[in-house]
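User: Hi! I'm new to this one and would love a friendly walk through it. Can you take me around?

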Amino acid sequence: MLLLRRFKTINYCYICAIHYHYKRINMSVKQIVIITLSLMFSVTLVSQDNTNQNKFRQLYDELATPNSYRTASGAPGHEYWQQKADYNMDVVLDDLKQTVHGEATITYTNNSPDVLSYLWMQLDQNVRAQDSDSKKIATSSIEKKNVRLKRMLNDFDGGFKIEFVKDTDGNDLPYTINKTMMRVDLPKPIPAGGVYSYKIKWWYNINDRMKIGGRSGYEYFEDEDNYIYTIAQFFPRMAVYCDNEGWQHKQFLGNGEFTLNFGDYDVNLTVPADHIVASTGELQNTTEVLTSKEIERFEKAKTSSKPVMVVTEKEANAKKKHSTKTKTWNFKATNVRDFGWASSRKFMWDAIGVPMSDGRVVMAMSYYPKEGNPLWGQYSTAAVKQTLITYSKHTFDYPYPVAISVHTKWIGMEYPMICFNGGRPEDDGTYSESTKNGLISVVIHEVGHNYFPMIVNSDERQWTWMDEGLNTFCQYLTEQEFDRNYKSRRGEPRNIVNYMKGDKSHITPIMTNSESLFQFGANAYAKPATALNILRETVMGRELFDFAFKEYANRWKFKSPSPADFFRTMEDASAVDLDWFWRGWFYTTDHVDISLDDVKWFQINTQNPSIEKALQRKIKDSEPDKLNYENNLKSIPKTMLEENADLKDFYTSYDPYKVTDEDQKKYKKFMADLDEDEKRIIAMKENFYELSFSNIGGLVMPLIIEFTFTDGSKEIKRIPAEIWRKNNEEVTKVFLFKKEVVNVTLDPLLETADTELDNNFWPPRMLPTRFEIFKGGRHYGNEGDNPMQKAKKK
């Protein structure tokens with residue numbers, strides 16, 4: 001006996017009703033109801049292939065085996081170790097020749113259990129050498145119009161010029177340069193726990209960043225014969241030797257950034273005497289390089305509620321004559337993985353103190369020329385401050401003494417305590433909204449890199465997403481705390497849709513080496529940031545996610561995590577099995593396209609003939625007349641039966657929907673056989689809705705379903721992704737409501753990055769797509785990128 005009646009609705013009319021007499025199956029009412037409902041609430045089962053291709057299988061094959069260095073929980077093991085590299089450097093900036101000259105003593109501590117017979121160093125400036133592999137492997141095509149003539153015709157003499165490598169006694173050490181790497185052969189191996197110091201001297205030509213690009217370099221202001229220098233990768237840096245890679249000496253080809261050791265730095269920077277220097281670390285000789293007024297302003301900034309100008313625009317612009325003298329600025333930095341600095345006579349400088357929860361005050365500061373105002377003076381340091389507040393809340397208190405944003409025209413690049421950021425208004429001081437938001441976003445992003453990877457020190461050369469993706473996610477959180485209506489470019493699931501549904505031949509999994517990525521920004525920045533946002537808001541919930549994410553950051557601050565350490569920690573600290581999520585979002589190019597295929601409506605059959613037969617009559621009466629019946633009324637005046645009454649019999653006037661005495665007796669007998677629980681079940685007036693879903697895109701995701709009822713009210717049901725665990729392609733689920741449903745919407749808040757919304761509605765709904773009929777732009781309502789400039793002209 002099936003105790004449910006089923007309805008399909010079109011225009012909310014009942015079409016059919018199905019029920020069977022209870023005596024056809026020899027079961028009690030309670031048994032049949034329970035069996036029927038349990039079947040309806042279960043997922044469909046399908047057999048798997050001989051190999052386990054279930055999307056919920058564990059990541060045992062993909063993740064490295066845990067050991068005493070890196071545990072199965074994702075935490076550093078009891079034998080975790082990492083190397084240390086300390087630098088004492090003297091660096092000279094030649095403002096006439098645009099060169100950097102340096103000499104350093106490097107002290108390398110071998111904390112590994114291994115004996116090292118040689119050391120590897122990174123020569124990142126060699127990426128600009130004339131014989132650089134990055135030039136040789138750059139693809140180009142005349143037909144595709146992607147020939148980079150500036151790169152092909154560039155004759156810039158880039159790369160490090162190594163003058164010597166010596167031990168501390170002045171003896172030459174043999175070395176071999178292999179493109180962007182250099183091996184230093186040691187006179188005797190460094191034992192486990194040993195320390196070795198040696199010296200190196202070098203110089204290089206600084207690249208004109210505006211002509212040939214680069215993460216660092218200079219910008220020349222011809223009208224003033226002036227420069228802004230943003231200097232990084234300016235010294236030979238120790239390569240990383242670690243437990244899971246050995247020597248990480250993968251060549252630097254341009255995309256995969258840097259893998260570095262923590263260490264302490266003592267750096268002397270000699271620059272023109274009229275320059276202002278911003279740098280990693282704390283300034284040690286303040287009274288030698290700053291005026292008493294500048295020192296007084298800096299001290300005032302520590303407790304000010306607004307940024308204080310340490311060097312004003314008037315003071316910066318007054319430096320008309322270029323000094324021929326020099327000053328040496330001494331900076332020290334403890335436990336940093338790199339060092340960067342900037343120098344210019346054009347810099348004005350503002351600062352504000354940002355209190356940390358441990359009582360320290362961190363100085364948020366910006367250095368910028370007059371070309372950056374009014375935008376930079378209003379927003380740069382404010383964005384630095386907000387970054388420190390938001391990131392500290394979600395990870396750990398910012399541990400360094402300063403956080404600096406330095407003005408450039410275009411780039412965004414990060415180093416410990418300092419970053420170089422683009423965003424420049426027009427010459428008349430106006431700017432577009434995109435320029436404004438671009439500045440705020442790049443400052444947040446690059447300052448945020450202090451956390452990932454400057455402190456949570458992932459391997460950028462191998463896995464771009466581990467710093468860029470996590471940092472972009474935190475950037476999104478910060479932007480929303482900066483302005484509730486901030487137009488974040490990355491992080492919102494709806495913003496990743498076009499990439500996710502794109503040509504799969506030009507999409508790579510997130511877990512792809514940095515140099516092999518297609519669509520670098522979407523893959524390494526936007527997709528992982530979106531994935532983490534979905535984890536936080538939809539899969540795990542904020543409480544579980546925030547705790548786990550903070551645990552990861554604190555476990556691995558000032559250490560070097562791998563992807564497995566992140567994946568395992570997020571599960572370990574939340575008790576949420578996320579292997580299905582990591583597999584789908586990080587190891588495949590699948591996308592989200594879940595289709596709401598069918599909705600069926602059921603009600604419990606009461607077996608009461610007065611109710612059920614009346615309902616059947618209503619359904620029958622609602623059916624439209626057959627077309628030929630209407631036409632026959634016109635073409636056939638009378639039928640045989642209408643003309644001859646002798647042909648009429650019992651069935652001519654029989655009403656199958658009339659309730660008979662026999663019907664009533666059967667109903668009374670039926671009810672008498674039920675116990676009280678069964679009578680309550682049979683009296684239920686609830687509506688049962690069976691929804692069928694198919695997974696078209698491949699990514700399994702939670703089902704977020706919004707039901708709209710006849711009274712206009714709405715209710716959202718959230719079903720975990722595990723509903724797909726036994727059938728990754730199709731699932732069916734039944735929902736019970738007292739009210740009647742008129743609309744069903746899948747993913748109503750657009751929180752899963754579903755790429756096809758047309759199949760998310762019941763009844764089906766088509767969404768319009770706009771197309772243009774004019775080429776070249778008759779665009780109305782969004783004319784121009786800089787309405788501020790137009791308003792100013794008026």
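Analyst: Happy to. One term before we start: two strands pair if DSSP finds at least two bridges between them. Also keep in mind that this is a predicted model.

User: Good to know. So how do β19 and β22 pair, and over how many bridges?

Analyst: β19 and strand β22 (residues 348-355) are antiparallel, with 3 bridges between them. For a concrete spot, look at Val 308, which sits opposite Ala 351 in β22.

User: Which sheet order do those strands belong to?

Analyst: They are part of an open sheet of 6 strands, ordered β19-β22-β23-β24-β26-β25, and its pairing is mixed. The edge strands are β19 (308-311) and β25 (412-415), each of which pairs on one side only. On average, neighbouring strands of this sheet are turned by 20 degrees against each other, ignoring direction.

User: Let's move to β21. Which strands pair with it?

Analyst: Strand β12 (residues 226-231) is joined to β21 by 3 bridges, and the two run antiparallel. Strand β17 (residues 276-279) also pairs with β21 in the antiparallel sense, over 4 bridges.

User: And which residues of β21 face the partners Thr 230 and Val 277?

Analyst: Thr 230 has Ala 342 as its bridge partner in β21, while Val 277 stands opposite Ser 343.

User: Are the faces of β21 covered or open?

Analyst: Both faces of β21 (residues 341-344) are covered. Trp 341 and Ser 343 are buried on one side, and Ala 342 and Ser 344 are buried on the other.

User: Time for helices. What span should α10 have, and what does the model give?

Analyst: Helix α10 covers residues 465-482, which is 18 residues. At 1.5 Å a residue it should span 26 Å, and its end C-alpha atoms are 24 Å apart, which agrees.

User: How many of its residues are buried?

Analyst: For α10, 15 of the 18 residues are buried, so the helix is largely enclosed by the rest of the structure.

User: And what about α8: how far does it reach, and how many residues are buried?

Analyst: Helix α8 (residues 375-394) has 20 residues and reaches 28 Å from first C-alpha to last, close to the 28 Å expected at 1.5 Å a residue. Of those 20 residues, 14 are buried, so α8 is also largely enclosed by the rest of the structure.

User: New topic: pockets. What volume does the second largest pocket have?

Analyst: The second largest pocket has a volume of about 540 Å³. It is lined by 35 residues, and the closest to its centre are Arg 70, Asn 244, Pro 561, Ser 562 and Pro 563.

User: Which elements give two or more residues to that lining?

Analyst: Those are β14 (240-242) and α14 (563-572). The most comes from α14, with 4 residues.

User: How does the lining split by class?

Analyst: The lining of the second largest pocket has 16 nonpolar, 12 polar and 7 charged residues.

User: I'm curious about backbone oddities. Which peptide bonds here are cis?

Analyst: Here are two to look at. A cis bond joins Phe 452 and Pro 453, with omega of about 15 degrees, and Pro 453 lies in the loop between α9 (433-448) and α10. The bond from Trp 762 to Pro 763 is cis too, with omega near -10 degrees. Pro 763 lies in the loop between β33 (761-762) and α21 (787-793).

User: What's phi like at Asn 335 and Ala 575?

Analyst: Asn 335 has phi near 60 degrees, a positive value in a residue other than glycine. Phi of Ala 575 is near 60 degrees as well, again positive in a residue other than glycine.

User: Where are they found, and how exposed are they?

Analyst: Asn 335 is in strand β20 (residues 326-336) and counts as partly exposed, at 28% relative accessibility. Ala 575 is in the loop between α14 and α15 (579-586), and it is exposed with a relative accessible area of 76%.

User: Last one: is Asp 172 buried or exposed?

Analyst: Asp 172 has a relative accessible area of 56%, and over 50% counts as exposed, so Asp 172 is exposed. You'll find Asp 172 in the loop between β7 (161-167) and β8 (175-178). Its C-alpha atom is separated by 9.4 Å from that of Lys 199, a residue 27 residues apart from it along the chain.

Definitions and conventions:
Residues numbered from 1 in each chain as written. Predicted model: local features only at pLDDT ≥ 70, side-chain atom pairs only at ≥ 80, totals over all residues. Heavy atoms only, no water. 1 Å grid on protein atoms, 1.4 Å probe; cavity = no way out; pocket = protein on both sides within 12 Å on 5 of 7 lines; lining within 4 Å. Points joined across faces, edges and corners; volume = space filled by probe spheres on them. Nonpolar A, V, L, I, M, F, W, Y, C, P; charged D, E, K, R; others polar. Expected span 1.5 Å × (residues − 1). Buried < 20%, exposed > 50% of the residue type's maximum accessible area, 1.4 Å probe, protein only. Axes fitted to C-alpha atoms, helices over the stretch in contact; angles between N-to-C directions.
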